[in-house]
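I opened a new notebook page for this structure. I wanted to look up its sheets and its core.

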Amino acid sequence: MVRSYQVLAVALASALALGCADSEPTVVGGYATVRHDVVVGLVDGMVVPPADTLGTVDSTPPGNDTTPAPDTTPAADTTPAPDTTPAADTTPAPDTTPPTDTAPPGCPLGHACNPHIIATTPYSASHDTAQSTSSEVDSYSCAPSTNESGPEIFYRLDLTEVSVVTATINEVPGDGIDVDVHVTTATDGSGCIIRDNDLVRRVLRPGTYYIIVDSWVNGAGASQQGAYTLDVDIDTLGSGNCAMGINDQPMFWTACADGVDCYMAPVEGTNRGHLRMPTYGAVVKEAHLVTIGESFANTWPSSGTDGIPNHYALSQAESGYVMNRTEPWAPAGEGGSLWGQGSTGAKIPRDAEAWYVNMYWRYRPDAGTRLIIFNPANGKAVVAAGGYETGPGSNARIGGVAEEVHHHLGTNHLSELVIGFATDQSLTYGPITCN
Ligand SMILES: [Ca+2]
Ligand SMILES: [Ca+2]
């Protein structure tokens, strides 16, 4: 938790520090970002940022528990226990049966009162909803009109640190079996976080969760119950080389998109989306930004490709990362931004540019803030440079990264990735081995 608060404090402090000085560049950056989406052909959900970049941060930092613990002189147990009865039997019972997850008597395994425990991961189990006598949930809060009134089987997952959780079932189309997977915080259909026909993946904070495999009932009223294999895997995000802090990131968004782990709350009088980070979702492939030391006839490039081959060469020499770069400069556009100009309005350090990340953050973090971009599909990760660019405008995208980042992660435009603020802000930009 200390780590989390530190990260949040960094974000808040940077937001405060930006204040007036940041107002122009942020507006420029917002527009610039929208333009980035135009380049890749994505303008859905595009939001033009308001010019209200002044003011104070509408956020209350987490309480530091400033009230000192009221002193606690432990009551001296002045009366020594007499212990007058010596243990007669000096041979302790071996107790060879380890305690198992004790269920109420008569509660079958797999029912809400006695769920299968996912104690270790990767977890794989084959079960059959047709053999289950549990029919406690008919629908789930995250898809209330989907008929899940067939029998279900419950699993429990206890997370001690923030993790990205992947749960899949081996759906075989046309076999007459259609069970679905749900992740919830309750066993009665409420508290549904995410559900799917066959695969769910989500960043979850520490706590107890239920994975419920339920039998879908078709329009004719036939329950599609049957056998399946459930696989569950987790990647812990709170510790190790790629440790990420937990924070709620205020965004420019004025609504939360489906599937994005976001909630609405006021920021300086405007209701805005707050992204729960670390988070998992679609990540845009962004264009390039001009770096310090690159010169052009009129300071900035005259087009999307003016001097770009030279940029590729400089970037490869700086980062040592070899790939076939193809993205142009970030486009010029409204708000006075120029080709290749990020939201700081300045040319940026070359080591940061190769690995930059942007989000539609309401308060852009300090330039050079380290974020971790993690691909749970293959375990690859990059230390990315935040605070140089703002966007993309669509609230369905959690952020955007340089093409080098996508390339290393084996992903592409709009691939789904984890983004979080690095706990260790001294990390070097570029590929990282998490653990
Ligand atoms: Ca059910
Ligand atoms: Ca299904």
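I began with strand β3 (residues 152-159) and strand β8 (residues 207-215), which pair in the antiparallel sense over eight bridges. Strands here are DSSP runs (E, at least two residues), numbered from the N terminus, and two strands pair if DSSP finds at least two bridges between them. I looked up Leu159 and found its bridge partner in β8, Gly207.

I noted that this is a predicted model, where local features need pLDDT of at least 70, side-chain atom pairs count only at pLDDT 80 or more, and totals for chains, interfaces and linings use all residues. Residues are numbered from 1 along each chain as its sequence is written.

Next I traced the sheet of five strands. It is open, has mixed pairing and runs β1-β3-β8-β5-β6. Its edge strands, β1 (116-117) and β6 (192-196), each pair on one side only.

Then I took the sheet of four strands. It is open and antiparallel, in the order β2-β9-β4-β7. I found β2 (123-128) and β7 (199-204) at its edges. Inside it, β4 (residues 163-169) and β9 (residues 227-236) are joined by seven bridges. Val164 stands opposite Asp235 of β9.

Last, I checked the core. The largest nonpolar core (buried Ala, Val, Leu, Ile, Met, Phe, Trp, Tyr and Cys joined through C-beta atoms within 7 Å; buried means 20 or more other C-beta atoms within 10 Å) has 88 residues. Ile211 is among those with the most contacts inside it. Domain 1 (2-50 + 252-432) and domain 2 (116-236), with bounds from an automatic or database assignment, both give residues to this core, so it lies between them.

Note on methods
Chains lettered and ligands numbered in written order. Buried ≥ 20, exposed ≤ 12 C-beta atoms within 10 Å, placed from the backbone.
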